[in-house]
Amino acid sequence: MSACKQAAIITVRSSSTRLPNKALKPLLPTLSCLAFLIQRVSLAGFPVIVATSTDASDDAIVQLVEASTNARVFRGALNNRIVRWHDCFEQFGIESALLVDGDDLFYGYDIGVRAMALLESSSCDMVVNPDAIICGLFTYAISKQGLKMLFSVVPDPNTVIDMVGPIIEKARITTQEVRVKADEMGGDIRLTLDYPEDLSLFQVLSKQVPLEIRSAQLGRFLKKHPEITKINFLRQKGYLEKQARESKQLRETLNEK
């Protein structure tokens with residue numbers, strides 16, 4: 001298996017309780033949600049790896065990727081995404097990567113390019129997003145050293161790890177924020193797939209803008225069309241509250257160790 005020094009890793013599973021098998025749901029007549037995301041992420045110019053689990057529930061994800069995309073596949077830990085990333089880095093010989101959430105269908109591939117450039121040119125181990133960024137545009141870029149530091153905090157593959165923020169704090173990784181343009185910021189826009197309303201928004205949006213639209217252009221479009229952003233924004237409060245609860249619980253667990 002050929003190595004890739006840099007990569008974009010899409011993290012995705014089928015076992016969602018709020019919207020089961022969401023990655024496989026149709027977005028456009030010829031594209032599923034995951035296939036659409038793979039095409040957007042590939043615009044960053046790095047090899048794309050879909051990192052899913054070894055659980056049988058994710059067999060369909062592997063079949064879709066292998067049958068209809070040019071992405072590679074990695075299968076690892078079901079519950080601990082940090083272990084999955086770590087093992088993916090090891091298998092493919094990766095030195096640095098974008099970490100893309102499989103829910104973020106309009107991932108900002110151009111922001112990802114900026115983040116990888118910052119990671120390469122600075123002394124930080126991880127590039128993160130600013131709080132004011134549009135939800136779903138960008139998450140992380142990380143070096144191999146940074147990922148090893150995360151892994152050292154939670155190396156058990158059976159530990160349930162979805163929230164990464166508390167692990168970053170515990171590992172004391174050196175981070176920098178990616179540069180974000182004004183139109184890429186907006187706390188009243190939600191571009192992530194967790195609920196049926198989110199899928200409705202993406203189905204509407206994907207028919208009105210091109211797949212390759214850049215992040216700032218997308219932000220400008222959405223700000224001019226609040227009727228679209230209102231489709232799912234009622235879910236954002238509950239989403240943020242859930243994240244806050246899970247982060248608090250994880251911090252408490254880490255502090256007990």
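**View 1. Helices H3 and H5 cross at an oblique angle.** This is a predicted model. Two packed helices are described by the angle between their axes and the distance between the axes. Here, the axes of helix H3 (residues 81–92) and helix H5 (residues 144–153) come within 9 Å. They cross at roughly 140°. Angles over 145 degrees would count as roughly antiparallel, and those from 65 to 115 as roughly perpendicular. H3 and H5 are therefore oblique to each other. The crossing of H3 and H5 is left-handed. Which residues of H3 meet H5? They are Ile82, Val83, Trp85, His86, Phe89 and Glu90. Their counterparts in H5 are Lys144, Leu147, Lys148, Leu150 and Phe151.

**View 2. Seven strands build an open sheet.** Strands of a sheet pair through backbone hydrogen bonds, either parallel or antiparallel. In this sheet the pairing is mixed. The strand order is S5-S4-S1-S6-S8-S7-S9. Strand S5 (72–76) and strand S9 (175–177) stand at the edges. Each has a single partner strand, so one side of each is left without a neighbour in the sheet. On average, neighbouring strands of the sheet are turned by 25° against each other, direction ignored. Four bridges join S1 to strand S4 (residues 48–53), and these two strands run parallel. Ile9 stands opposite Ile49 in S4.

**View 3. Helices H3 and H4 pack against strands of the sheet.** H3 touches S1, S4, S5, S6 and S8. The direction of H3 makes about 130° with that of S5. Helix H4 (residues 109–121) lies across S1, S6, strand S7 (126–128), S8 and S9. H4 runs at about 145° to S6.

**View 4. Strand S6 is largely enclosed by the rest of the structure.** Why is S6 (residues 96–101) described this way? Six of its six residues are buried, so the rest of the structure largely encloses the strand. In a regular strand the side chains alternate between the two faces of the sheet. In S6, Ser96, Leu98 and Val100 point one way. Ala97, Leu99 and Asp101 point the other way. S6 pairs with strand S1 (residues 6–11) through six bridges, and the two run parallel. Within this pairing, Val100 is the bridge partner of Ile10. Four bridges join S6 to strand S8 (residues 140–143), and this pair runs antiparallel. There, Leu98 has Ala141 in S8 as its bridge partner.

**View 5. Ser215 is a buried residue in a helix.** Ser215 lies in helix H8 (residues 215–224). Is Ser215 buried or exposed? At 1% relative accessibility, Ser215 counts as buried. A polar contact of 2.6 Å joins its side chain to that of Asp110. Leaving aside neighbours within four places in sequence, Ser215 is in contact with Gly108, Asp110, Ile111, Leu137, Asp183 and Glu184.

**View 6. Asn21 and Arg172 have a positive phi.** Most residues other than glycine have a negative phi, and most peptide bonds are trans. Where does Asn21 lie? Asn21 sits in the loop between S1 and strand S2 (26–28). The phi of Asn21 is near 55°. At 36% relative accessibility, Asn21 counts as partly exposed. Arg172 lies in the loop between helix H6 (165–171) and S9. The phi of Arg172 is near 55°. Arg172 is exposed, with a relative accessible area of 74%.

Key:
Residues are numbered from 1 along each chain as its sequence is written. This is a predicted model: local features need pLDDT of at least 70, side-chain atom pairs count only at pLDDT 80 or more; totals for chains, interfaces and linings use all residues. Side-chain values use heavy atoms; hydrogens and water are left out. Buried means under 20% relative accessible area, exposed over 50%, partly exposed in between (1.4 Å probe, protein chains only). Two strands pair if DSSP finds at least two bridges between them. A polar contact is a pair of N or O atoms within 3.5 Å; within protein, one must be able to donate a hydrogen and the other to accept it, and residues adjacent in sequence count only if both atoms are side-chain atoms. Contact means heavy atoms within 4.5 Å. Axes are lines fitted to C-alpha atoms, for helices over the stretch in contact, and angles run from 0 to 180 degrees between N-to-C directions. Angles under 35 degrees count as roughly parallel, over 145 as roughly antiparallel, 65 to 115 as roughly perpendicular and the rest as oblique. A crossing is left-handed if the near helix is turned anticlockwise from the far one by less than a right angle, and right-handed if clockwise.
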